[in-house]
Amino acid sequence: TFNVLLLSDTHIGAHDCDKAMLRADLEWAKANGADVFINGDLCDLILPRDHKRFMPSLLDDAITRTDSVVNATIDLCVGMLKPYAKQIRMIGSGNHESAMQKHHSTDVTRLIIRELNRETGADIKHGGYTGAIVWTFRRNGGGGASFSIYYHHGFGGSAPVTKGMIDFNRLGTYARGADVLWMGHKHWRWASQVVERHIPQRGSEFIDKPVWHIMTGSYVGGPAEQFDEAGNYQSNWAVERGFMPQGKGGAKLLLTVERRGERTSVKCEVVL
């Protein structure tokens, strides 16, 4: 059995990032020898020049008293992830990192990975906005099986009615053959299994392949903080746009390699 932890939208650096929940999930990964993959928006990176969304109250307390918000965010990410660096296999880019690279010519993900690998001896890979993760299992005497995840950070608005399910239908029209389709971005958290039906190259029976659709939630949110400690109203992006509460946290995959005669397969259980 192999354990996997899928994370996205941790938004480290945001005032309402649930760092205790994130640490608990990473502690589970460390205790269970799980591979950890982060599908973008590791950092929040809402900067003062983002006139549409920035408010001083949005920043984590650890970075409010500095003019170098980006440097402080990198330090905060490295400090949080360092105890778990050797479990982390990949950190991908999300729209928050992409915006940072576009407007400030800085790949924050690259800098965080470089620092984590240098300080811990880990071998974390830089993932893209989309990509694939593949495990190959082989046994003595030949035969084996593979298990693959096609990931995309996500696109579009929050989709309060469909919860992003339509996005997976679109993705499934061209991302074929994967065992898991995985997205984040919208901050919903759910998993659903569908079936792809394939025409066999030999024989007369159709081949039905189960495929998991997984959307991982964020690590921000919770009760809306509309007032500061003195009772004064402070702007809240989500509240003012009528966003509803959403699911928080990642997804755990429990992969079990099964052998039946000459056939090897991989069973996947998803735990939210």
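The exercises below work through the fold, the sheets and a few single residues of a predicted protein model.

Residues are numbered from 1 along each chain as its sequence is written, and side-chain values use heavy atoms, with hydrogens and water left out. Because the model is predicted, local features need pLDDT of at least 70 and side-chain atom pairs count only at pLDDT 80 or more, while totals for chains, interfaces and linings use all residues.

**Exercise 1. Determine whether the radius of gyration of the protein chain agrees with that of a compact globule.**

Step 1: the radius is taken over C-alpha atoms, and the globule rule is 2.2 Å times the number of residues to the power 0.38. Step 2: for 272 residues a compact globule would have a radius near 19 Å, and the protein chain has 20 Å, which agrees. Step 3: along its principal axes, the C-alpha trace spans about 70 × 45 × 30 Å. Step 4: of the 272 residues, 45% count as buried, where buried means under 20% relative accessible area, exposed over 50%, and partly exposed in between (1.4 Å probe, protein chains only). Step 5: among contacts (heavy atoms within 4.5 Å) between residues at least 6 apart in sequence, 70% join residues at least 24 apart.

**Exercise 2. Find the order of the strands in the open sheet of 6 strands, and state which strands stand at its edges.**

Step 1: helices (H or I, at least four residues) and strands (E, at least two) are DSSP runs numbered from the N terminus, and the protein chain has 6 helices and 11 strands. Step 2: two strands pair if DSSP finds at least two bridges between them. Step 3: the order is β4-β3-β2-β1-β10-β11, with mixed pairing. Step 4: β4 (125–126) and β11 each have a single partner strand and stand at the edges, so one side of each is left without a neighbour in the sheet. Step 5: β3 (residues 88–91) runs parallel to β4 and is joined to it by 2 bridges, with Ile 91 opposite His 126.

**Exercise 3. Describe how β10 and β11 are connected, and assign the residues of β11 to its covered and uncovered faces.**

Step 1: β10 (residues 251–260) and β11 run antiparallel and are joined by 9 bridges, and Arg 260 has Arg 263 of β11 as its bridge partner. Step 2: the two strands form a hairpin with 2 residues between them, and Gly 261 in the turn has a positive phi of about 65 degrees. Step 3: Thr 264, Val 266, Cys 268 and Val 270 make up the covered face of β11 (residues 263–271), whereas Arg 263, Ser 265, Lys 267, Glu 269 and Val 271 make up the uncovered one.

**Exercise 4. Decide whether Asp 41 and Ser 105, which have positive phi values, are buried or exposed.**

Step 1: Asp 41, although not a glycine, has a positive phi of about 55 degrees, and this residue is found in the loop between β2 (35–38) and α2 (69–81). Step 2: with a relative accessible area of 1%, Asp 41 is buried. Step 3: Ser 105 has a phi near 55 degrees, again a positive value in a residue other than glycine, and lies in the loop between α3 (95–104) and α4. Step 4: Ser 105 has a relative accessible area of 69% and is therefore exposed.

**Exercise 5. Place Thr 109 in the fold and list the residues that Thr 109 touches.**

Step 1: Thr 109 is in helix α4 (residues 108–120). Step 2: this residue counts as buried because its relative accessibility is 2%. Step 3: not counting residues up to four places away in sequence, Thr 109 touches Ile 91, Gly 92, Ser 93, Glu 97 and His 126.
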